[in-house]
Amino acid sequence: MNEEMLGFVEALREANVKVSQSEVVDALQSVGAIDILDRDLFRCALGATLVKDIQYKKLFDRLFDVFFPAAPTRYYRQDQDQGAEIDESDQSEQRALEIRRQLVEALLNEDQSAIRAAIKKAVTSFSGMEKGRPVGGVYYTYRTLRQLDLEDVVRSFLYGLAQKQQYEVVERTSDRSDRAMRLIRSEVDSEVLRRLVGDRGSSAVARTLALRLPEDVDIVHASREEIEDLQRLMIPMAKKLATRLAQRHLSTKEATMDFRKTMREAMSYGGTPADLYFHKPKVSKPEIVLISDISGSVASFARFTMQLLYVMSGSFSKMRSFVFIDTIDEVTGYFKPENDVNESLRNITTKAKVVGLDGHSDYGNSLDLFEKRYLDAVTKRTTLIICGDARSNYHPGREDVLRRLKERSRHIYWLNPEPKSYWNSGDSIISTYRPYCDGVFECRTLRQLEEFISTGV
Amino acid sequence: MRFDSISKVEELLKSQGYLPSKEIATVVYLAAILEKPVLIEGPAGTGKTELAKSVAHMVTMELIRLQCYEGLDEAKALYEWNYRKQLLRIQAKDADAKEQWNVLSEDIFSEEYLLERPLLRALRTPSQCVLLIDEVDRLEVEAEALLLEVLSDFQVSIPELGTVTSKQIPLVFLTSNGTRDLSEALKRRCLYLFLDYPDVDREREIIESKVSGLNDVLADQIAKYVSKLRDMDLKKRPSISESLDWAMSLVEMGVGTLDRDTTMATLNILLKYRSDIDSVKSVLESGRMVFD
């Protein structure tokens, strides 16, 4: 038991969740106070003591399933497995039909345990799992889903739904099918996981999963699901950042004494100034100019940066943004407070005039045009942030423009969404821009972006 | 204070009209056993403060509440010396000039001149109490440190009086809307409970238990509909109390089942922003969210 717990904590820490020693002690104590055979209670107790942030919950749940699986981690029956591995005959097709039918029925009845039972059968018949085979769980999940024919299951499910008479609020069918698909996927996933754990042990499986928190996900290469997680994280994070910035601007200023108010209040203490009052310090907010490369390779990163900065735009006294591929266009006007940020971003991708010649990013030309058209945006109080991988496609870099911009502005920062080890390879010319920037940062994950904003801006 | 079992906690909370999920009951149970504070996070209007109040009621303990805000300091949270009374005492001295300063100074820093604020009061009440520290995330980082000593050792040092140690360990609930990250030190000392919007079933139960004269179909529709709205991209998502308000109004209006027109007409009970109402209306009109 203790062994498993420590392994679990170790895995959490490896995924960047902070778990302190005293919290482990709390967890062990609380586990002693409940009936640990009740898995839900056990999960609650561990969750309440080990994980103190809702963003970590998903990761926690997944690791919990690995370390403390629901069913006994008995290895599945060997004979069944051998049958399914190579057998593509009528009989297996018959079984597949049967499993599909069960699954659809369970989905229609919203019967969790029946769904699980059907999935169990599917994994046994389709995954072709072999003991000790060094293959990741993803492979088995893929095999199972392919043979299960997810599309077909969902189609029958929707058909079944249409037959049922319901008074309830009817959701869009796409929502229903999305949800069903997601459910099947995650169930297959956890079933495969459970069997892998039985085979190889929790810690080994946890390592192959390589779980990451959303903020540690490489934005440029994120999967759709990861992007959704990131989106969810975005707004609360922007709000937190804004609070932090506001507090920093306040606390760094020396406050001056409000003499008038102090004397006025002193009257109630017979002229003794018992309480001192201070003027509220003036908040100095930075002016931001954001220039983003939105060419294919780094578009998703640019989106995130714009989104994050705009959600917290209240923290800046002024903010203008520009996007470019081979020509540059101002997009400040698309972000209006009454508009949804996502909609604004959609508008930008469709309406901004950023392609002049060939649609490959051209840093030199874009910088040059920026200087010609929008130089008034940059003043002594401006912090200029440039997002891009500095891959020039062998066009001239025009670092002289950046030099002149540096003289005009307060700071220039460059955020590069490429891993540091790729910098200056091929057509990346980040080092030619570097001397004119106050800082060049590798910025691949939301965590790095957050770090930059809270310290740099 | 210890509870017999988790189901006992559930039962007690229910008797207060608070429908707990299993998780809530477990965390309350553990908090009482481990004598640890509970940090409750979650969106506004999911019953964070209500939970602390219900716990206080169900064990018939005094509820001491500290409402946090930006600029809250020791004087408002812990204790303060009563300047006015001290000044009066010093001035009264002049009449009887023989009194020594050292006697006097001891006198004016005694119990009599101490103004207890919520944290100190929670420590000094003779019988166990429930301490609710509401909206901790509004505190500045510096003020948060103030809570640490209280929450880990349940004691406080007052220079003039010495250390005040509590006779009993209060049940402490901290609530936060998550507008900023609380310090690791504070989180480490607490059990964590995230209160999200309830799922459809729990919401229906809540509505049914709080609103009388509601038929099953309508309760079900309301719960489903509200959860649907919460999935949308809104500025302010409807809270539990708002869905209760909605249910009550619908009952008052004599509505049997929801349809599109009634919903359109009563949206302003659920949503509090013009833009939210407009976007939901346009979805309703386009027929993408339909009633059978």
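**Exercise 1. Lay out the open sheet of five strands in chain B, find its edges, and find the helix that packs on it.**

Step 1. The model is predicted. In it, the five strands of this chain B sheet run in the order β2-β5-β8-β1-β9. Their pairing is parallel.

Step 2. Now the edges. β2 and β9 of chain B each have a single partner strand, so one side of each has no neighbour in the sheet.

Step 3. From one strand to the next, the twist averages 20°.

Step 4. Take one pair. β1(B) and β9(B) run parallel and are joined by four bridges. Across this pair, V38(B) stands opposite L191(B).

Step 5. Add the helix. α2(B) packs on the sheet and touches β1, β8 (171-176) and β9 of chain B. The direction of α2(B) makes about 160° with that of β9(B).

**Exercise 2. Is I64(B) buried or exposed? Place it and list its contacts.**

Step 1. I64(B) sits in strand β2 of chain B, residues 62-67.

Step 2. Count neighbours. The cut-off for a buried residue is 20 or more other C-beta atoms within 10 Å. I64(B) has 21 C-beta neighbours inside 10 Å, so it counts as buried.

Step 3. Set aside neighbours within four places in sequence. I64(B) is then in contact with P118(B), R121(B), A122(B), C129(B) and L131(B).

Step 4. Compare sequence and space. K53(B) is 11 residues from I64(B) in sequence, and their C-alpha atoms are 9.6 Å apart.

**Exercise 3. Which residues have the most contacts inside the largest nonpolar core, and which element gives the most to this core?**

Step 1. The largest nonpolar core has 100 residues. Those with the most contacts inside it are L63(A), V27(B), V28(B), V38(B), I133(B), L191(B) and L193(B).

Step 2. α2(B) gives the most to this core, with eight residues.

Step 3. Follow V38(B). Beyond its neighbours within four places in sequence, V38(B) is in contact with V27(B), A31(B), V172(B), F173(B), C190(B), L191(B) and L193(B).

Step 4. There is also a second, separate core, of 58 residues. L290(A), L309(A), Y334(A) and C443(A) are among them.

Step 5. A general point fits here. Nonpolar side chains tend to be buried together in soluble globular proteins.

**Exercise 4. Describe the side of chain B that touches chain A.**

Step 1. Count residues. Chain B brings 38 residues to the contact and chain A brings 34 residues.

Step 2. Find the elements on the chain B side. Those giving two or more residues are α2 (22-34), β1 (38-41), α5 (83-93), α9 (184-188), β9 (191-194) and α11 (216-231) of chain B. α2(B) gives the most, with seven residues.

Step 3. Sort by type. This side of chain B has 17 nonpolar, five polar and 16 charged residues.

**Exercise 5. Into which domains are chain B and chain A divided?**

Step 1. Chain B has domain 1 (6-78 + 117-194), domain 2 (79-115) and domain 3 (200-278).

Step 2. The C-alpha centres of domain 1 and domain 3 of chain B are 31 Å apart. Their contact takes eight residues from domain 1 and nine residues from domain 3 of chain B. On the domain 1 side of this contact, three residues are nonpolar, five are polar and none is charged.

Step 3. The assignment for chain A gives domain 1 (2-67), domain 2 (78-211), domain 3 (232-252 + 285-456) and domain 4 (257-281). Between domain 1 and domain 4 of chain A, the C-alpha centres lie 52 Å apart.

**Exercise 6. How many helices and strands does chain A have, and in what order do the strands form a sheet?**

Step 1. Chain A has 19 helices and six strands. Of its 457 residues, 33% count as buried.

Step 2. Six strands form an open sheet in the order β3-β2-β1-β4-β5-β6, with mixed pairing. β3 (328-330) and β6 (439-442) of chain A are the edge strands, and each pairs on one side only.

Step 3. Look at one pair. β4 (382-387) and β5 (411-416) of chain A pair in the parallel sense over five bridges. I385(A) stands opposite Y413(A) in β5(A).

Step 4. Helix α16 (363-374) of chain A packs on the sheet, touching β1 (287-293), β2 (318-324) and β3 of chain A. The direction of α16 makes about 40° with that of β3(A).

Methods
Residues numbered from 1 in each chain as written. Chains lettered and ligands numbered in written order. Predicted model: local features only at pLDDT ≥ 70, side-chain atom pairs only at ≥ 80, totals over all residues. Pairing = 2+ DSSP bridges. Contact = placed C-beta atoms within 7 Å. Axes fitted to C-alpha atoms, helices over the stretch in contact; angles between N-to-C directions. Nonpolar A, V, L, I, M, F, W, Y, C, P; charged D, E, K, R; others polar. Domains from an automatic or database assignment. Buried ≥ 20, exposed ≤ 12 C-beta atoms within 10 Å, placed from the backbone. Core = buried A, V, L, I, M, F, W, Y, C linked by C-beta atoms within 7 Å.
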